[in-house]
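Got your viewer open and ready? Load the model and follow along, one selection at a time.

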Amino acid sequence: MAFNKLSSIYKIVAFTEAKRFGDQALVAQETGYSESHVNNVLRGRRFNSTIINKAYRLVKDRQTNLQKLTALA
């Protein structure tokens with residue numbers, strides 16, 4: 001069985017689609033980085049795999065608005 005890692009771009013897009021108010025602050029607090037650095041990483045200006053992975057794990061099980069709309073159709 002092969003294991004494929006998710007790309008960083010995929011994780012950032014998933015976070016962007018499912019984020020809520022205060023999620024960036026929570027990621028900053030849990031990783032120990034400043035909120036501005038977390039913001040730069042999640043906007044693609046900087047790279048930090050720890051921040052990207054923490055942000056993705058925070059939102060990976062959330063249902064996005066697009067998923068809700070497709071479920072209704």
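Start by selecting Gly-44: at 54% relative accessibility it counts as exposed, because the cut-off for that label is over 50%. Keep in mind as you look around that this is a predicted model. Gly-44 sits in the loop that links α3 and α4. Now add Glu-30 and draw a C-alpha to C-alpha distance: the two residues are 14 apart in sequence and 20 Å apart in space.

Next, go to the largest nonpolar core. Select Ile-12, Phe-15, Ala-18, Val-27, Ala-28, Val-38, Val-41, Leu-42, Ile-51, Ile-52, Ala-55 and Val-59, which are its twelve residues. Colouring by helix helps here, since two or more core residues come from each of α1 (8-18), α2 (23-31), α3 (35-42) and α4 (49-59). Which element gives the most to this core? That is α4, with four residues. In soluble globular proteins, nonpolar side chains tend to be buried together.

Stay with one of the core residues, Ile-51. Hide its neighbours within four places in sequence, and the contacts of Ile-51 that remain are Val-27, Thr-31, Tyr-33, His-37, Val-38, Val-41 and Leu-42.

For the last stop, show α2 and α3 on their own. Their axes come within 9 Å and cross at roughly 115 degrees, so the two helices are roughly perpendicular to each other. The crossing of α2 past α3 is right-handed. Turn on side chains where they meet: Gln-24, Ala-25, Val-27, Ala-28 and Thr-31 on α2, and Glu-35, Val-38, Asn-39 and Leu-42 on α3. Coloured by type, the residues of this contact split into five nonpolar, three polar and one charged.

Technical notes:
Residues numbered from 1 in each chain as written. Predicted model: local features only at pLDDT ≥ 70, side-chain atom pairs only at ≥ 80, totals over all residues. Heavy atoms only, no water. Core = buried A, V, L, I, M, F, W, Y, C linked by side-chain atoms within 4.5 Å. Buried < 20%, exposed > 50% of the residue type's maximum accessible area, 1.4 Å probe, protein only. Contact = heavy atoms within 4.5 Å. Axes fitted to C-alpha atoms, helices over the stretch in contact; angles between N-to-C directions. Parallel < 35°, antiparallel > 145°, perpendicular 65-115°, else oblique. Left-handed = near helix turned anticlockwise from the far one by under 90°. Nonpolar A, V, L, I, M, F, W, Y, C, P; charged D, E, K, R; others polar.
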